[in-house]
Amino acid sequence: MSAYKTINCSFKDKKTLLDCLKALNFNPIEYEHKYRLQGYMNDLREQEAEIIVAKQQISHASNDLGFTYSDKDKEYLMICSDYDLHRGLGDKIKQSYAITAIKSALKKNKFSVKEEITENNKVKISAGKII
């Protein structure tokens, strides 16, 4: 018999956020203080973040991708350009975060976890546990 648990996902956990970015083959840089993001023409923008994925890791026409912690909301907010949002970057990160959080919680509760990508690019996660 398998046990089921409800797992809520959001950008609340820094380790999960960093792990999900690494799962997408990004090398995020974590800073103690906020730094300004760079636009695609190397211009400094007014937006600041303490976790940054350099634009060169995304595409030649991208802007930096940033994450900043909101004390009010108690979560990380994603700072992403319209260009990168239209290319689906925000959705990819949200999906990766959810997958990373789910797999981490299942493994923490001693479930075996299997992930597969279906023909229509959906992610299927299977979990099992012998009790």
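Is Cys20 buried or exposed? Cys20 is buried, with a relative accessible area of 0%. Here, buried means under 20% relative accessible area, exposed means over 50%, and partly exposed is in between (1.4 Å probe, protein chains only).

A quick word on the ground rules. This is a predicted model, where local features need pLDDT of at least 70, side-chain atom pairs count only at pLDDT 80 or more, and totals for chains, interfaces and linings use all residues. Residues are numbered from 1 along each chain as its sequence is written, and side-chain values use heavy atoms, with hydrogens and water left out.

**The cysteines**

A disulfide is a covalent bond between the sulfur atoms of two cysteines. In this search, the two sulfur atoms must lie within 2.5 Å. How many disulfides does the structure hold? Zero. Take Cys80: the closest cysteine sulfur to its own is in Cys20, and at 13 Å that is too far for a bond. Cys80 is buried too, at a relative accessible area of 17%.

**The helix around Cys20**

Helices (H or I, at least four residues) and strands (E, at least two) are DSSP runs, numbered from the N terminus. Cys20 is one of the buried residues in α1, along with Thr16, Leu17, Leu18 and Leu21. What do the buried residues of α1 pack against? Their partners are β1 (29–38), β2 (44–53), β3, β4 (75–79) and α3, with contact meaning heavy atoms within 4.5 Å. Right after α1 comes Asn25, which has a positive phi, near 65°.

Now for the meeting of α1 and α3 (residues 89–108): their axes come within 8 Å and cross at roughly 115°. Axes are lines fitted to C-alpha atoms, for helices over the stretch in contact, and angles run from 0 to 180 degrees between N-to-C directions. The crossing of α1 and α3 is right-handed. On the α1 side, Thr16, Leu17, Asp19, Cys20, Leu21 and Ala23 take part, and they meet Ile93, Ser96, Tyr97, Thr100 and Ala101 in α3. Sorted by class, that contact has seven nonpolar, three polar and one charged residues. For that sorting, Ala, Val, Leu, Ile, Met, Phe, Trp, Tyr, Cys and Pro count as nonpolar, Asp, Glu, Lys and Arg as charged, and the others, Gly among them, as polar.

**The aromatic rings**

The whole structure has four aromatic pairs. Rings of Phe, Tyr and Trp (its six-membered ring) pair if their centres lie within 6.5 Å; planes under 30 degrees apart count as stacked, over 60 as edge-to-face and the rest as tilted. Two of the pairs look like this:

| Pair | Centres apart | Planes at | Type |
|---|---|---|---|
| Phe11 and Phe67 | 6.2 Å | 20° | stacked |
| Tyr31 and Tyr35 | 4.4 Å | 50° | tilted |

The Phe11 and Phe67 pair links distant parts of the chain, 56 residues apart: Phe11 sits in the segment before α1 (14–23), and Phe67 in strand β3 (residues 65–70). Phe11 is buried at 14% relative accessible area, and Phe67 is buried at 0%. Together with Tyr97, Phe11 and Phe67 form one aromatic cluster. As for the tilted pair, Tyr31 is partly exposed at 30%, and Tyr35 is partly exposed at 44%.

**A stop at Val113**

Val113 lies in strand β5 (residues 112–117) and counts as partly exposed, at 25% relative accessibility. Which residues does Val113 touch, not counting those up to four places away in sequence? They are Lys103, Leu106, Lys107, Ile125 and Ser126.

Conventions. Left-handed = near helix turned anticlockwise from the far one by under 90°.
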